[in-house]
Amino acid sequence: MDLKQAGGSLDALISSFNTRIVELQELVIGRNMYAANSIADLSEIDTAVKAMEFQMQSIKDRLREETEAIPKAKKLVEMSLRQQNKLQSMLAHIPVRLPTSTSMAVSDKTSNNGLMQEISSHNHGFGSLKLEEESAPPQMQKEKKSRASAPLWYVTADELDSLSSYMRGRLTLDKVNAAINDMAAYAEANAQLLSAPRNKLAENALEKALERRDIAMNEAVKGKHFFLETDIKGPVLKLDITGKSILTVLRHLGRINETRVGHQRVIILIKPQ
């Protein structure tokens with residue numbers, strides 16, 4: 001082997017050795033990149049698994065709460081059904097018209113026109129009111145002795161439905177009958193004012209009592225329960241559009257009649273035919 005051949009062999013060996021080193025470096029770099037990617041993938045997978053575990057736990061907690069609430073819901077449904085049956089039974093046994101003996105109790109709760117308050121406030125400490133024969137004419141004395149409580153002739157659903165939609169408008173049965181309670185309260189207050197002893201009335205109440213006694217002696221009003229248009233002050237019946245519609249309906253259904261005595265418009269309670 002000569003010198004040139006030996007030098008060529010050495011150069012080839014060095015080149016082969018360098019090539020091998022480069023390949024080994026590339027393998028090391030590739031392995032490192034694969035390891036890094038694997039770690040990142042494992043981290044993402046771990047995060048996703050934890051998120052799924054959290055969602056599963058939330059679903060389990062919700063299912064447990066719903067399961068625990070089922071017995072309570074069943075009890076509530078049972079109680080509601082029992083209450084519904086009771087209300088239906090009560091509704092089936094309610095009379096169409098309440099007895100007039102209950103009108104005083106109803107009127108005491110619904111009266112808001114101030115007449116009763118005037119009498120009771122003036123007579124505080126005098127005890128129960130007693131009729132004084134000399135405070136009114138003989139005809140008025142007879143009416144006082146025979147006067148009954150203001151009647152409550154309620155409207156039925158069939159009666160209200162029988163009206164034209166134009167007349168009925170948006171009125172409901174409850175509102176119409178609540179207005180009847182108010183009217184009975186006004187009439188009862190006037191009856192109490194008429195029967196109160198004259199010498200035990202305040203000046204403003206006395207003026208009202210004298211005016212109503214004159215009205216009560218009118219032939220159209222005599223012996224009947226009545227109230228004035230000026231007595232209408234709620235709580236349900238008022239002198240507004242709704243109140244006037246209620247009066248029209250009750251007049252059409254034969255619950256009230258109207259007349260004019262002097263400058264007062266008098267509304268009389270009448271028994272339906």
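Which residues does Met183 touch, not counting residues up to four places away in sequence? Select Met183 in this predicted model and display its surroundings: Met183 touches Phe227, Leu237, Leu247, Leu250, Ile256 and Leu269, once residues up to four places away in sequence are set aside.

Next, widen the selection from Met183 to the core around it. The largest nonpolar core has 25 residues, and Met183, Leu237 and Leu250 are the members that touch the most other members. Colouring by secondary structure shows where part of this core comes from, since helix 7 (173–195), helix 9 (241–252) and strand 3 (264–269) each supply at least two of its residues. Helix 7 gives the most to this core, with seven residues. A second core, separate from the one just visited, consists of nine residues, and Leu194, Leu228, Val266 and Ile268 are among them.

Stay on helix 7 and select Asn190, which is found in that helix. Asn190 counts as buried because its relative accessibility is 0%. With the side chains shown as sticks, look for the partner of Asn190: a polar contact of 3.0 Å joins its side chain to that of Asp231.

The charged pairs come next. The count of salt bridges in the model comes to 10, and the tour stops at several of them.

Begin with Glu159 and Arg255, which form a salt bridge whose closest N and O atoms are 2.6 Å apart. Glu159 lies in helix 5 (residues 157–162), whereas Arg255 lies in the loop between helix 9 and strand 2 (256–261), so this pair ties together parts that are 96 residues apart in sequence. When Arg255 is viewed with a surface switched on, bear in mind that this residue is buried, with a relative accessible area of 3%.

Now move to Glu229 and Arg265, whose side chains meet in a salt bridge with an N to O distance of 2.5 Å. This pair also links distant parts of the chain, with Glu229 in the loop between strand 1 (226–228) and helix 9, Arg265 in strand 3, and the two positions 36 residues apart. Glu229 is partly exposed, with a relative accessible area of 25%, and Arg265 likewise counts as partly exposed, at 21% relative accessibility. Extend the selection to Arg251 and Glu258, and a network of salt bridges appears that links Glu229, Arg251, Glu258 and Arg265.

For a pair within one helix, go to helix 1 and select Asp61 and Arg64. Their side chains meet in a salt bridge with an N to O distance of 3.1 Å. Because Asp61 and Arg64 are three residues apart in helix 1, about one helical turn separates them. Asp61 is partly exposed, with a relative accessible area of 24%, and Arg64 counts as partly exposed as well, at 44% relative accessibility.

The last stop is also on helix 1, which spans residues 3–93 and contains Leu10. Which residues make a nonpolar surface patch of about 300 Å²? Select Leu10, Leu13 and Ile14, which together make this patch. Leu10 itself is partly exposed, and its relative accessible area is 48%; that value falls short of the exposed class, because exposed requires over 50%.

Methods: Residues are numbered from 1 along each chain as its sequence is written. This is a predicted model: local features need pLDDT of at least 70, side-chain atom pairs count only at pLDDT 80 or more; totals for chains, interfaces and linings use all residues. Side-chain values use heavy atoms; hydrogens and water are left out. A nonpolar core is a set of buried Ala, Val, Leu, Ile, Met, Phe, Trp, Tyr and Cys residues joined through side-chain atoms within 4.5 Å. Buried means under 20% relative accessible area, exposed over 50%, partly exposed in between (1.4 Å probe, protein chains only). Helices (H or I, at least four residues) and strands (E, at least two) are DSSP runs, numbered from the N terminus. Contact means heavy atoms within 4.5 Å. A polar contact is a pair of N or O atoms within 3.5 Å; within protein, one must be able to donate a hydrogen and the other to accept it, and residues adjacent in sequence count only if both atoms are side-chain atoms. Patches are made of residues with over 30% relative accessible area and no salt bridge: like charges are joined within 9 Å, nonpolar side chains (Val, Leu, Ile, Met, Phe, Trp, Tyr) within 5 Å. Accessible areas come from the Shrake-Rupley method with a 1.4 Å probe; for residues, only the protein chains shown count as cover. A salt bridge is a side-chain nitrogen of Lys or Arg within 4 Å of a carboxyl oxygen of Asp or Glu.
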